[in-house]
2 protein chains.
Amino acid sequence: MAKKVTIYDIAREAGFGIGTISRVLNDHPSVTPETRKKVIEVAKRLNYQPHTYAQRLARRQSETISAVIPFFTNYFFIEVLRGVQDKISELGYDLVLYGVEHPDQVEGYASRALQRGKVDGILFFSMKVPDKVLVRLKETNLPIGLVDSVSPDFDSISVANAEGAYAATAHLIELGHRRIGMINAQSVSAPALERLQGYRRALERHGLSFTDEFVRIGRNTKQDGFNRDAGYEAMTDFIKMGSEMPKAFFVSSDIQAMGAIAALNENGFRVPEDVALVGFDDIELARHMRLTTMRQPMFQMGVLAIERLVARMANPDMEILHTTFSPTLIVRESCGALIRNQN
Amino acid sequence: MAKKVTIYDIAREAGFGIGTISRVLNDHPSVTPETRKKVIEVAKRLNYQPHTYAQRLARRQSETISAVIPFFTNYFFIEVLRGVQDKISELGYDLVLYGVEHPDQVEGYASRALQRGKVDGILFFSMKVPDKVLVRLKETNLPIGLVDSVSPDFDSISVANAEGAYAATAHLIELGHRRIGMINAQSVSAPALERLQGYRRALERHGLSFTDEFVRIGRNTKQDGFNRDAGYEAMTDFIKMGSEMPKAFFVSSDIQAMGAIAALNENGFRVPEDVALVGFDDIELARHMRLTTMRQPMFQMGVLAIERLVARMANPDMEILHTTFSPTLIVRESCGALIRNQN
DNA sequence: TACAGCTTTGGAAGCCCTTCCAAAAATGTG
DNA sequence: CACATTTTTGGAAGGGCTTCCAAAGCTGTA
């Protein structure tokens, strides 16, 4: 380890007191230009590096933010995380990452992040934070932000799930479909529930009737049913209906749509000629699979999450803010719209 | 903020000196069981939380590792990062993440990570660390690990690129192909170069001749050419050869293979019936696209990277270790092997 | 009972900063 | 030039912990 140079060394070398050194280093105004110049020169010469933790201890703030994020998943998190990291580094904060593989880890990570003085704020991604933890978070009074989930007590950034599902379904209706099914995820998941509502409302607003028959959920409950196999199973289920089967589907996530497409292909159905699909998320795969889907503005969500958190740090009494982003319809081939237009 | 409880509070409340409290909290042996019990009871009652930064300052170590990782990319990093995070949290360290979007950011992040005392070690992912930075890293004497890149001065974990390319190409040869092309990435990238060598060696060892004609690189240089468009362009280029075009390809990354497949499809070629492909990486997409590819043991690479780093922290004079993992051939449909087998 | 040799305990010093207060220096004013 | 102001500076105190050394408390032995 290179010799450790402290402000005392600089003080001695430059012939000033440590207070002055500290002031120069922190751009405090009451220092003459000559003094400043001299101190900076010496600091540079000695290759001074402030000790982060001594600063944090003395300043009583950590300049770090931690993010608790479910790792299992895909593109969505990476994109949001990119936004988060982008903004964080712009602000000069550090990002401490806790990747959750099992829901039970959440509590442990929360405790670690909660260690006194450790972080200035915490972001929780797409997770049901256990009530017990929520209460503790509340008590600590630490700025907390929720991304892709909602709780009345904390700021949150999320996607207008119902609205997106509505748009997706409406798009299918506009394309002339009347019998539209939905492949959903487990109803323990709030987004799944909301997307179901959006789907249902779209049908009803357009004079179509809603029936449970047309909503299926795969058996595989991994990630609350937002997984490829669940999509495959649900579609297989639909296919068993024979000629009764809907010919258009709103699928509550792209990854499930992938499974659904596989099931369709294996059974001789072509997309979009025989069956039309609209997904949700716009993961990277979607583009390659030419899947029409609802895109979530992931990067911006990340950026906003940090902006919000920092705003709350600055002003803890700020009113709690819930922001929902509207997903955008990305029309590709799976819905059949392009084919029709070409004709 | 909940009232801050310090060891002084515990000391007063429990009727001991602060030294004893600290000893109990750190499991130091010379404390009687009764004392220990009493102190723990009080600490719990007061809901004591140690102040992380005070500890780090006093202990002279940070219990933090930082990872500098190119964010732009995909699955590969996420997987490796999962491994890293898994091991890190098992060891009780914190992970500070620096996501690089532009190569020029590397230096800045390195400086931040290098702040005196800030981290106990740094991991660099898949990047050409600028020489200037390398020199500084060397000087600081901080444990450094390289993942998916190599430098004589630091421990590294990488994939046997040449070996993988060899296996991929050999697989195609075994399937009876004689005219095998390669879609490569920019040759500034070490992995690209190594994969080219492996491809070439495989041809030559099997008595096939190597020709530059059969190696193409797309124009798009994003991510050193490891991107979808570059794959598309390279394949389009090949297609222009007409009947001279190879009917089997080793593609240096899955993402390029995606572009290549698109180009093929648009020109009426079917995969694998008309053209066989083998990729490299085994990103998530590969499975969905039924792409035969070389899988890198990403998670394990992450785990090992941390183990290695921690080992070096414990023993800085350890000899420098370079580990290469061998990729495994994952046979799916794009190479045509399954079709043949079915016959 | 006296004393050597352990074990346990207390707390000062040290880790490296920031910040506050008082003192010193510079400046302005009549 | 004397004095009041303002600007600049020095450094103690404080942030909360670990660790080391000395002191106190025990134990066992003769």
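The following conversation concerns the DNA surfaces and two strand arrangements of a predicted model.

Reader: Which conventions apply to this model?
Author: The model is predicted, with local features needing pLDDT of at least 70 and side-chain atom pairs counting only at pLDDT 80 or more, while totals for chains, interfaces and linings use all residues. Residues are numbered from 1 along each chain as its sequence is written, chains are lettered from A and ligands numbered from 1 in the order in which they are written, and side-chain values use heavy atoms, with hydrogens and water left out.

Reader: How many residues surround DNA strand D, and which are the closest?
Author: There are 34 residues around DNA strand D, and the closest are Gly17(A), Arg23(A), Thr35(A), Ser22(B) and Tyr48(B). A residue is near a strand if one of its heavy atoms lies within 4 Å of it.

Reader: What percentage of the atoms of DNA strand D within 4 Å of the protein do sugar and phosphate account for?
Author: Sugar and phosphate account for 60% of those atoms.

Reader: Which side chains have a polar atom by a phosphate oxygen of DNA strand D?
Author: Among them are Thr20(A), with a polar side-chain atom 2.8 Å from a phosphate oxygen of DNA strand D, and Tyr48(B), with one at 2.4 Å from a phosphate oxygen of that strand. Both pairs are given as polar contacts, a term for N or O atoms within 3.5 Å; within protein, one must be able to donate a hydrogen and the other to accept it, and residues adjacent in sequence count only if both atoms are side-chain atoms.

Reader: Which element gives the largest share of the surface near DNA strand D?
Author: That is α4(B), with five residues. Helices (H or I, at least four residues) and strands (E, at least two) are DSSP runs, numbered from the N terminus.

Reader: And DNA strand C: which residues come nearest?
Author: Of the 31 residues around DNA strand C, the nearest are Ser22(A), Tyr48(A), Gly17(B), Thr35(B) and Arg116(B). Ser22(A) places a polar side-chain atom 2.7 Å from a phosphate oxygen of DNA strand C, and for Gln55(A) the corresponding distance is 3.5 Å.

Reader: What does the side chain of Arg23(B) approach on the bases?
Author: An N or O atom of the Arg23(B) side chain is 2.8 Å from a base oxygen of DNA strand C. On DNA strand D, a base nitrogen is 3.1 Å from an N or O atom in the side chain of Arg23(B).

Reader: Turning to β1(B), how many of its residues are buried?
Author: Seven of the seven residues in β1(B), residues 64-70, are buried, meaning under 20% relative accessible area (exposed is over 50%, partly exposed in between; 1.4 Å probe, protein chains only). Ile65(B), Ala67(B) and Ile69(B) point one way from the strand, and Thr64(B), Ser66(B), Val68(B) and Pro70(B) the other.

Reader: Which strands does β1(B) pair with?
Author: Its partners include β2(B), residues 94-100, joined in parallel by seven bridges, and β3(B), residues 121-125, also parallel, over four bridges. Strands pair if DSSP finds at least two bridges between them. Ile65(B) stands opposite Leu95(B) in β2(B), while Ser66(B) has Ile122(B) in β3(B) as its bridge partner.

Reader: What is the strand order of the open sheet in chain A?
Author: The order is β7-β6-β8-β9-β10-β12, six strands with mixed pairing. Its edge strands are β7(A), residues 215-217, and β12(A), residues 328-330, each pairing on one side only.

Reader: Where do β6(A) and β7(A) meet?
Author: Three bridges join these parallel strands, and Ile183(A) has Arg216(A) in β7(A) as its bridge partner.
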